[in-house]
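Please look at the structure shown below and follow the description with the sequence at hand. The account begins with enclosed spaces, passes to a pair of strands, and ends with an open pocket.

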Amino acid sequence: MNRRSFLKSSAAAGALAAVSGVAGGAAFAADEITILGSVPSLSFPFFVHMLNQIKVEAQAQGVKLIESDGQNSAPKQTGDIEAALVQGVKGIVISPLDVNALSPAVEQAVQAGVPVVTIDRRVDGVEGILAHVGADNVKGGEAQANAILAAFPNGAKIFHLQGQPGAGPAIDRNKGVHNILDGVKDKYQIVFEQTANFARAEALTVTEAGLTANGKPDVIVCANDDMALGAAEAVASAGMKDVAIYGFDALPEALVAVRDGKLAGTVEQFPGEQSRTAVKIVVAKARDGKDPEQKLVLLTPIVIGKDNLDKAERIGETS
């Protein structure tokens, strides 16, 4: 690291330490384990839940946690990693905003001998990452598509709202949807397909444009729940009924919408279990030098509908 980068990282470390309750620039005690938990953006409820569960497991494991909100900015998340390394963290649990843009920072951590466990989003281009814990997002996309086939055995006209370009889950969920639907194009036609960047407001406007250009669809399949809820708002505003909308993430608000019939379903990928498992792996390495039995842990997502709401990880948060 050059002097300019070091000074930048040191300043970031002080700022991050102040937020996390650790004195800026102070070294950790020799026998103390402190880890970094970093998520892409706390503006997304999904990542709020993930970071909360990282915190829960860190407390259970008796380690200190530096919390990092990437603020939907790869430079910000990169700076947080560099700051944590300057502070001397013993491990990192991270869901990278962009798997390519975060590769250099993750590689820097690995080269510094700090164990890194990725969650939700993999960084495939870096050798030496301790483990990845996530959902099989391809299977999640396939589950969405298979739910459509089951609900519409005679065929369907489909809108597809994709996630943020460059984000691993968006790429994999898109692949899963197409794995199934591309083989039945004669009956299941995707007539409108566009990214809405995982954002509810953008999904609202994108869906409105799709409705104007293509008319009413039978199904809108979305790469996350925020987009599904935005699409539902657009459909309701247009006065359209009987449009089956599928989300992904099983957020509490989406579970309520499924219960109330506003969404046809959502995909549960167990983000809390992902987060807690990742912390256990990184702490075992930092504390005892123990390598994980599996370097790739993928949970199998399931579609949550009215009939199996009790299977949702966050059903207890609904009112």
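The model shown here is a predicted one. The largest cavity is lined by Phe44, Phe46, Phe47, Asp120, Arg121, Pro169, Arg173, Phe198, Asn224, Asp226, Asp249 and Gln269. Its volume is about 110 Å³. Two helices, α2 (45–61) and α6 (168–181), each contribute at least two residues to the lining of this cavity. What is the chemical character of the residues of this lining? Five of them are nonpolar, two are polar and five are charged. Phe44 and Pro169 are among the lining residues that count as nonpolar, whereas Asp120 and Arg173, also in the lining, count as charged.

How many cavities of 30 Å³ or more are there? The count is two, and the second largest has a volume of about 30 Å³. Its lining consists of Pro40, Phe44, Phe47, Asn72, Leu97, Arg121, Gln164 and Phe198. Here the residues divide into five nonpolar, two polar and one charged. Several names occur in both lists: Phe44, Phe47, Arg121 and Phe198 line the largest cavity, and Phe44, Phe47, Arg121 and Phe198 also line the second largest cavity.

The next topic is the pairing of strands. Strand β1, which covers residues 34–39, pairs with strand β2, which covers residues 64–69. The two strands run in the parallel sense, and six bridges join them. One of the bridge partners can be located by name: valine 39 is matched with aspartate 69 in β2. Together with α2, these two strands form a right-handed β-α-β unit. Helix α2 thus appears in two parts of this account, as a member of the β-α-β unit and as a contributor to the lining of the largest cavity.

The open space remains to be described. The largest pocket holds about 290 Å³ of space. It is lined by 19 residues, and those closest to its centre are Arg121, Arg122, Asp124, Gly168 and Asp172. Which element supplies the largest share of this lining? Helix α6 does, with four residues. Strand β5 (131–135) and helix α5 (137–151) each supply at least two residues as well. By character, the lining of the largest pocket comprises seven nonpolar, six polar and six charged residues.

Two of the names already met connect the pocket with the cavities. Arg121 is among the residues closest to the centre of the largest pocket, and Arg121 also lines the largest cavity and the second largest cavity. Helix α6 supplies residues to the lining of the largest pocket and to that of the largest cavity.

Conventions. Residues are numbered from 1 along each chain as its sequence is written. This is a predicted model: local features need pLDDT of at least 70, side-chain atom pairs count only at pLDDT 80 or more; totals for chains, interfaces and linings use all residues. Side-chain values use heavy atoms; hydrogens and water are left out. On a 1 Å grid over the protein atoms alone, a cavity is a set of points where a 1.4 Å probe fits but cannot get out, and a pocket is an open set with protein on both sides within 12 Å along at least five of seven lines; lining residues have an atom within 4 Å of a point. Grid points are joined across faces, edges and corners, and a volume is the space filled by probe spheres set on the points. Two strands pair if DSSP finds at least two bridges between them. A crossover is right-handed if, with the strands pointing away from the viewer, the path from the first strand over the helix to the second runs clockwise.
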